[in-house]
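Colleague: Please take a close look at one part of this model for me, the aromatic cluster. Start with the overall fold, and then show me how the cluster sits in it.

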Amino acid sequence: MTASTLPLAPARPATAVPVPSWARHTAAAVLWASVPSALWRFAVVAGVPLGLAESEYTAMLVPGWGYLLVPLLSVSQEALAFLTLGLVRPWGEVWPRWVPFLRGRRVAVLAAAVPAALGSLACTAYGVLFVWTTLHADMAITPWGEWVMTVCYVPIVAWGPLLALVTAHDYRRRTRR
């Protein structure tokens, strides 16, 4: 088979306006910043010793409803972080085929920017509250357990500001003429 007879690979879909690599990397950083805390919560449910006292497990409803709620929180967190990629990928600019009445239509700029901006504010507030409560909490946890928890949760502080950068860039990229 010669080069001229090779089948062409399907073209990779592209965004309407090109996305710079820094924006793609920043969107990916949002996803990766949320992973450690989700993994920490999964470890709590899996029974991995994390230096927590029994009272802390009770506060998280583990055992009990926490076996459902804690993983659900982690999965929801990752799903929301994943949506950030829609601000830099083609699938975030056109409604998917499975959405009735909207399939194939362009996603309005504000339909993406407003929820993303509100999410950025919520994530920033969560990050600030996390730092505040961690510094002022009286948790029953060992020093190494506190270190592990801090290492797992500190990256989430970056989620809000990184999402704000990507949101502002997406809005500007899609509205400039």
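Modeller: Read from start to end, the chain runs α-α-α-α-α-α. This is a predicted model. In total there are 6 helices and 0 strands. The radius of gyration is 21 Å, and the globule rule gives 16 Å for 177 residues, so the chain is more spread out than a compact globule. Along the principal axes, the C-alpha atoms fill a box of roughly 65 × 45 × 35 Å.

Next, contacts and burial. Take the contacts with a separation of 6 or more: 75% of them join residues 24 or more positions apart. Of the 177 residues, 35% are buried. The accessible surface comes to about 11300 Å². Carbon and sulfur atoms hold 73% of that surface. The charged side chains number 13 positive and 7 negative. The centres of these two sets lie 28 Å apart.

Now the part you asked about. The chain has 3 aromatic pairs. Start with Trp-40 and Tyr-153. Their ring centres are 5.6 Å apart. Their planes meet at 75°, and planes over 60 degrees apart count as edge-to-face, so this pair is edge-to-face. Where do Trp-40 and Tyr-153 lie? Trp-40 belongs to helix α1, residues 21-46, and Tyr-153 belongs to helix α5, residues 143-153. The pair therefore ties together parts that are 113 residues apart in sequence. Are Trp-40 and Tyr-153 buried or exposed? Both Trp-40 and Tyr-153 are buried.

Tyr-153 has another partner, Phe-130. Here the ring centres are 5.3 Å apart and the planes are at 25°. Planes under 30 degrees apart count as stacked, so Phe-130 and Tyr-153 form a stacked pair. Phe-130 sits in helix α4, residues 109-136, while Tyr-153 sits in α5, so this pair ties together parts 23 residues apart in sequence. Phe-130 is buried, as is Tyr-153. Put the rings together: Trp-40, Phe-130 and Tyr-153 make one aromatic cluster. Its members come from helix α1 and helix α5, and from helix α4.

Stay with helix α4 for a moment. Ala-112 is in this helix too. Its relative accessible area is 15%, and under 20% counts as buried, so Ala-112 is buried. What does Ala-112 touch, leaving out residues up to four places away in sequence? The answer is Leu-87, Val-107, Asp-170 and Arg-174. The C-alpha atoms of Ala-112 and Leu-162 are separated by 16 Å. Those two residues are 50 residues apart along the chain.

Then there is helix α6, residues 159-175, which holds His-169. His-169 is buried as well, with a relative accessible area of 15%. Setting aside residues up to four places away in sequence, His-169 touches Val-19, Pro-20, Trp-22 and Ala-23.

End with a contrast. Phe-101 lies in the loop between α3 (66-83) and α4. Its relative accessible area is 73%, over the 50% cut-off, so Phe-101 is exposed. Phe-130, by comparison, is buried. The phi of Phe-101 is near 70°, a positive value in a residue other than glycine. Most residues other than glycine have a negative phi.

Notes: Residues numbered from 1 in each chain as written. Predicted model: local features only at pLDDT ≥ 70, side-chain atom pairs only at ≥ 80, totals over all residues. Heavy atoms only, no water. Helix = DSSP H or I, 4+ residues; strand = E, 2+ residues; numbered from the N terminus. Rg over C-alpha atoms; globule rule 2.2 N^0.38 Å. Buried < 20%, exposed > 50% of the residue type's maximum accessible area, 1.4 Å probe, protein only. Contact = heavy atoms within 4.5 Å. Areas by Shrake-Rupley, 256 points an atom, 1.4 Å probe, with all protein chains shown as cover. Lys, Arg positive; Asp, Glu negative; His and termini not counted. Charge placed at Lys NZ, Arg CZ, Asp CG, Glu CD. Phe/Tyr/Trp six-rings, centres within 6.5 Å; stacked < 30°, edge-to-face > 60°.
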